[in-house]
Each structure stands twice: as C-alpha cells, then as structure tokens.
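Let's take a walk through a protein model together. Have the 3D view open and turn it as you read.

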Amino acid sequence: APLPPSPPRSPPSSASRSLSPPPPRSLTLCVSVCAARGGREREEEGEAYRGVPPAGVVEGLMMMLTSPDATEKAKAAAALCNICSETDSNRELVVHAGGLPSLIDMLKHPSPEVPFMQSAAAACICNLAANINSKEVIATSGALEVLVKVLRSENQAAAAQAAGALWSLCVDNDMNKQRVADAGAIPHLITLLHAPDTFAQSQSAGALSECSIRNDNNKRLISEHGAILPLVKMLRSQDLSVQRLSSCALCNVCANHEANKRQAREVGALPVLVHLLSSSQVPEVLSPVAGAICNLSMKCQENKAEFIRLGATDVLRHLVTSPIPSLHGNALAALEQLELG
C-alpha cells in the first residue's frame with residue numbers, strides 16, 4: 001500500500017529536523033455502519049469513512065457500545081473507528097456524545113470470545129485523538145493509563161493499536177508526551193520494537209519518535225532503555241513503514257542529544273543509514289533518512305567525518321534535485337551539515 005506523504009518542510013541549516021509523521025488514520029477493522037440503523041450489515045476491510053454519517057448512525061453505534069453482547073460492542077467500536085478516520089467533526093461528535101467510557105471499559109475488560117475487542121477500542125481512540133481539541137480530554141479520561149497496560153498485553157494486535165493511540169495522543173501535544181513517559185510507556189514501547197509483527201514495530205517506533213520531539217528527558221529514557229539498537233536493525237526491514245518510522249525515530253531521538261548521537265554511531269547506525277539512502281527509491285523513506293543524517297551530523301565531528309567517508313555527500317547532492325519538498329529540504333539540510341567547515 002502507498003505510504004502517506006510527509007508534510008513539506010523548509011530546509012533550515014541550523015535547526016534540527018523534527019520529523020512528526022501522521023498517525024494511522026484508516027485501520028483494517030470490520031465496519032458495520034448500516035447495522036447501527038437496523039439496516040443490512042455491510043462489512044468492509046480498512047475503508048476510511050469520509051464525511052458526516054447519515055442521521056442516527058453515530059447515536060445507534062453509541063447505543064451498541066453499551067450492549068451486553070460483546071461482539072456487537074466490538075463491532076460498534078470498529079465502525080466508529082472508521083467513521084472517525086478522516087473527519088474531525090465525527091471525532092468530536094463521538095467524544096462529546098460520551099463514547100470514551102465504553103471504549104475504555106473494552107480495553108480494561110476484553111471479552112475472551114471477541115479477540116478483536118481491544119484492538120477495535122484502541123484503534124478508535126487513536127482516531128479520536130487525531131483531533132487536537134480532544135487530546136486533553138482523552139488523556140485525562142483514564143484512557144492513557146489503560147492504553148499503557150494494553151501495551152503489555154499478550155494480544156499483540158491490541159498492543160500495536162495501543163501504541164498507535166499513544167502516538168496519536170502525543171502529536172502536537174507536549175504535555176501528553178510527558179504523560180506517556182510518566183505512565184511508564186517507554187520501556188513497553190521499546191519491547192514492541194522486537195515484535196515479529198511489522199505493524200507493531202512501526203506503531204511503537206512512531207510513538208517513540210513522537211515522544212522524543214522537544215523532550216530531552218524522553219530522549220534520554222528512550223536511549224537508556226535500549227531503543228537505538230533495535231531501531232537501527234529495523235532500518236534493514238523489507239517493510240517500508242518500518243523503514244520510514246525507524247528513520248524518523250532515530251532522527252528525533254538523536255536531535256540535539258550528544259549522547260544519543262554517539263550511541264547511534266557506536267551501534268552501527270551510520271553505515272546502515274547511508275546504505276538505505278543509496279538503495280531506496282521511496283521518497284517517504286529517503287526523506288526521514290536524510291533528516292536522521294542531518295541530526296546525527298549536527299555539531300558532531302565524528303559522525304560528520306564518518307558520513308563523508310561512507311559517501312553520503314554524493315548521494316545527498318543527487319537527492320537535493322528532487323522536486324518533492326520534504327525530500328529536497330531534508331537532503332539539503334543534511335548536505336549543509338556535512339559541508340560545514
């Protein structure tokens with residue numbers, strides 16, 4: 001599946017690159033919108049719902065969230081997840097209509113007969129949290145602490161969706177980044193980096209990447225708990241999302257943090273980044289790789305010399321000609337760092 005484009009970024013020569021990719025929006029979950037109105041049920045895989053739903057749909061789904069039937073509750077959460085995947089007005093409607101308590105209850109008390117219940121509830125919260133006006137409400141509702149507990153679940157699909165929800169809560173919200181760390185999420189997110197499932201890897205990398213932006217304490221915690229080595233290993237993944245998000249995480253975790261830059265060099269990140277920069281043909285991967293090279297080189301002569309020795313300069317000169325703004329900007333910023341005296 002094509003990766004979502006990264007937002008355009010200007011190419012400053014003196015500021016670190018802080019890459020903040022958007023959290024997932026549409027999720028591969030069962031959608032049963034018609035059932036909320038008593039109509040014929042239609043199930044679709046991972047299809048984003050755009051626009052305002054027909055009258056009565058959200059109200060019907062909210063009623064289903066409190067049903068004694070566990071399957072019906074989980075399907076309602078999945079439907080609301082997709083209804084809220086693209087539209088802020090739908091996200092606000094679900095929060096204001098009181099959907100959070102039922103979703104939190106599903107996270108706390110999943111039915112063993114409905115294995116996708118926790119995943120659906122966490123994915124729905126992920127999309128609700130994409131609305132900037134709801135982040136504080138969700139974070140202080142008790143959802144954040146419960147999501148951290150789900151990270152430790154043996155249900156890896158649910159843990160991955162919980163990581164995505166924490167990521168979504170942290171986007172453009174510095175207070176939530178600190179709350180996530182204070183709730184003890186960082187070690188569990190790092191454990192998910194080792195998961196065999198690439199979706200779990202990508203969601204945890206995205207959450208760690210976001211948590212580290214403008215938060216030096218989180219950068220320190222992330223490196224101290226051993227995230228940098230698995231992130232470097234993830235650069236070699238065949239999965240494009242894993243490549244992109246591990247690059248973003250290294251870019252952000254190492255920004256303006258000398259100890260993390262040194263640790264990245266010591267665990268072998270630099271040659272792996274240059275190899276990916278030289279071999280990938282995917283702009284959505286190349287852009288954060290160039291951003292990582294920029295941040296790792298900034299005010300670090302050892303890393304700068306090693307990148308030059310590995311041939312990064314010539315590759316970056318080629319990528320600067322890209323018409324894609326994010327790739328052009330990050331390649332130019334990295335090249336400027338390497339060519340500084």
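**A walk through the helices**

Let's start with α15, whose buried residues pack against α12 (216-224), α13 (228-234), α14 (240-253), α16, α17 and α18 (301-309). Keep in mind that you're looking at a predicted model. Which residues of α15 are the buried ones? In this helix, which covers residues 258-266, they are Asn260, Lys261 and Ala264. Looking down the axis of α15, you'd find these buried residues within an arc of 105°, so they line one face of the helix. There's a handy rule behind this sort of pattern: an α-helix has 3.6 residues a turn, so residues three or four places apart point the same way.

Now zoom out for a moment. The chain has 20 helices and 0 strands. Of its 341 residues, 57% are buried. Contacts can also be sorted by how far apart the partners sit in the sequence: among those with a separation of 6 or more, 71% link residues 24 or more positions apart. As for the outside, the chain exposes about 13700 Å², and 53% of that comes from carbon and sulfur atoms.

Back to our helix. Just after α15 you'll meet Gly268, which has a positive phi of about 90°. Then comes α16, residues 269-279, and its partner α17, residues 283-297. Their axes come within 9 Å and cross at roughly 145°, and the crossing is left-handed. Who meets whom here? From α16 come Leu270, Leu273, Leu276 and Leu277, and from α17 come Val285, Leu286, Val289, Ala290, Ala292, Ile293 and Leu296. Sort the residues of this contact by class and you get 11 nonpolar, no polar and no charged.

Helix α16 also packs against α19 (residues 312-319), at an angle of about 35° and with the axes 10 Å apart. This crossing is left-handed too. Here Val274, Leu277 and Ser278 of α16 meet Ala312, Val315, Leu316 and Leu319 of α19. The classes in this contact are 6 nonpolar, 1 polar and no charged. Did you spot Leu277? It turns up in the contact with α17 and again in the contact with α19.

Next, have a look at a couple of loops. Most residues other than glycine have a negative phi. Which way does Asn256 go, positive or negative? Its phi is positive, near 55°. You'll find Asn256 in the loop between α14 and α15, and it counts as exposed because its relative accessibility is 51%, where the cut-off is over 50%. Lys299 isn't a glycine either, yet it has a positive phi of about 55°. Lys299 belongs to the loop between α17 and α18 and is exposed, with a relative accessible area of 72%.

For our last stop, go to Asn218 in helix α12. Is Asn218 buried or exposed? It's buried, with a relative accessible area of 0%. What does it touch, once you set aside its neighbours within four places in sequence? Asn218 is in contact with Lys177, Gln178, Ala181, Ile186, Cys211 and Ser212. You can also check a distance yourself: Leu208 is 10 residues from Asn218 in sequence, and their C-alpha atoms are 8.6 Å apart in space.

Methods: Residues numbered from 1 in each chain as written. Predicted model: local features only at pLDDT ≥ 70, side-chain atom pairs only at ≥ 80, totals over all residues. Heavy atoms only, no water. Axes fitted to C-alpha atoms, helices over the stretch in contact; angles between N-to-C directions. Helix = DSSP H or I, 4+ residues; strand = E, 2+ residues; numbered from the N terminus. Left-handed = near helix turned anticlockwise from the far one by under 90°. Contact = heavy atoms within 4.5 Å. Nonpolar A, V, L, I, M, F, W, Y, C, P; charged D, E, K, R; others polar. Buried < 20%, exposed > 50% of the residue type's maximum accessible area, 1.4 Å probe, protein only. Areas by Shrake-Rupley, 256 points an atom, 1.4 Å probe, with all protein chains shown as cover. Arc of directions from axis to C-beta.
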